[in-house]
Amino acid sequence: MRSYYNLAKQEGLNAHIATAIRISGKDSKHVFDFAEIDRISKQYALPDLKTNYVKIYTDGVPTAAHTAAMLEPYADTHQDDPLSLGALVVPENELDRVVSHLDAAGYGLKMHTAGDRAIRVALNAIEKARNANGPQGLMHELAHSEFVDDQDKPRFKALNVAADFSPYIWYPSGLTDAISSVVGKRSRNMFQARMLLDHDATIIAGSDWPSGVKDNNPWPAIEALMTRANPFGQRQGEQLGAEQALNLTEILQIFTQNGAKALGRETETGSLEAGKSADLIVLDRDLFKIEPSEISDTKVLMTIFQGRLVYTATK
C-alpha cells in the first residue's frame, strides 16, 4: 500500500487501484485491530488508490491438506478424521462480529472462500451485517468460490456479493486433478460460472497471482472461461465442466464492467461511454472474429488511462 501511495505521489498511477488490508499477529492467524485498519486506510487513501477494503481468510484449499471448509466430508478421509470437513480459519461468531463491524464502517470485504461451507458461513455473516446495517454497504467479494451449494447461489445477488473466480487456474491441469482426487465426485461442480451467472450473480475475475499462476495475463483466463479447456495446448480434448462455459460477451463484461462495479467505480470506468474515464486498450486482433483457442495468444498494442497513453508494445 505504501508503495502504491509513493508511486501515485511521485509519478502518478496508470490504473485504478484498490488495496485490501490484512492485519496478522504472531499469536493468531487473524487479529482484527479495527483502529489499526482505520489508521492504515486513512493514511494511504488517494483518488486513484482506494484503501477501504479488508482481506479475510475464512478457509484454506481443497487439496490433500484438507483445509478448505466443506459441507460434506472429503472423499479420502474417514468420518472421525478431524479434518474430514476441512477447517474454518475464523470461528463463525467471530466472523459475524468482524463482518458486521467492517461493513458498518464502510469497508468492502475480500474473503477467501474455497469450500462450500466457508462460502455459506461467509454469506451468513454478510446477511447478518446487511440486516443490522442496511443494504447500502459496499459490494463484498468471495474469492475463488470454487464450490457453491445450490441453495447459496441466489444469495450472491440478494446480498450484493461478487463471486471472485480464478479462471486463470480453473481448467484441466495437475491442480484440478489434485482437487478431484480428494473432493471426489463433487469436483464436477467446481467453478460453476454458468450456474452462478444464470442466478444473476456478479462474477469478477481474480488472477490468484502470484500464488497460483506465473503472471496475471488475462487472455488465457478468458479463453478458459469460454472453452473450459487448458489454454496452453495441454490436456487436449479435456474440459472442466463444459456445461459451465460462458460466451465471449459475458466474459468481457466480467473483466471490465463487473470489475469496475466491484470497486464501486462503475459510473466512471469499465465501459466506453461518454462521460466516463478514457480507460482502454487496443488489441492485435478482433476477439469476436477468431477461434476461441486463439484468444490466449492476444497481445495488447496500446493502453490508455484517463486519456493518457501509458503503454505501447515494442515491435
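Visitor: How many bridges join β7 and strand β8, and in which sense do they pair?
Guide: Keep in mind that we're looking at a predicted model. Strand β8 covers residues 300–305. Its pairing with β7 is antiparallel, and the bridges number four.

Visitor: Which residue in β8 stands opposite leucine 283?
Guide: Start from β7, which spans 280–283. Leucine 283 faces a residue of β8. That partner is valine 300.

Visitor: Which residue in β9 stands opposite threonine 303?
Guide: Here we go from β8 to β9, two strands that pair in the antiparallel sense over four bridges. Opposite threonine 303 in β9 you'll find tyrosine 311.

Visitor: What order do the strands take in the open sheet?
Guide: This sheet has three strands, with antiparallel pairing. The edge strands are β7 and β9 (308–312), and each of them pairs on one side only. Neighbouring strands are turned against each other by 20° on average, direction ignored. Read across, the order is β7-β8-β9.

Visitor: Which residue takes a positive phi in the hairpin of β8 and β9?
Guide: Look at the link in that hairpin, where two residues sit between the strands. The positive phi is near 55°, and the residue that takes it is glutamine 306.

Visitor: Are helices α8 and α9 parallel or oblique to each other?
Guide: Helix α8 is residues 218–227 and helix α9 is residues 248–255, with axes 10 Å apart. They pack at an angle of about 140°. Angles over 145 degrees would count as roughly antiparallel, so the word for α8 and α9 is oblique.

Visitor: In which hand does α8 pass α9?
Guide: We've just met this pair, packing at about 140°. The crossing of α8 past α9 is right-handed.

Visitor: Which residues are the closest to the centre of the second largest pocket?
Guide: This pocket has a volume of about 270 Å³. Its lining is made up of 17 residues. The closest to the centre are Tyr171, Lys214, Asp215, Pro220 and Phe232.

Visitor: How many nonpolar residues are in the lining of the second largest pocket?
Guide: Let's sort the lining by class. Four residues are polar and four are charged. The nonpolar residues number nine.

Note on methods:
Residues are numbered from 1 along each chain as its sequence is written. This is a predicted model: local features need pLDDT of at least 70, side-chain atom pairs count only at pLDDT 80 or more; totals for chains, interfaces and linings use all residues. Side-chain values use heavy atoms; hydrogens and water are left out. Two strands pair if DSSP finds at least two bridges between them. Axes are lines fitted to C-alpha atoms, for helices over the stretch in contact, and angles run from 0 to 180 degrees between N-to-C directions. On a 1 Å grid over the protein atoms alone, a cavity is a set of points where a 1.4 Å probe fits but cannot get out, and a pocket is an open set with protein on both sides within 12 Å along at least five of seven lines; lining residues have an atom within 4 Å of a point. Grid points are joined across faces, edges and corners, and a volume is the space filled by probe spheres set on the points. Ala, Val, Leu, Ile, Met, Phe, Trp, Tyr, Cys and Pro count as nonpolar, Asp, Glu, Lys and Arg as charged, and the others, Gly among them, as polar. Angles under 35 degrees count as roughly parallel, over 145 as roughly antiparallel, 65 to 115 as roughly perpendicular and the rest as oblique. A crossing is left-handed if the near helix is turned anticlockwise from the far one by less than a right angle, and right-handed if clockwise.
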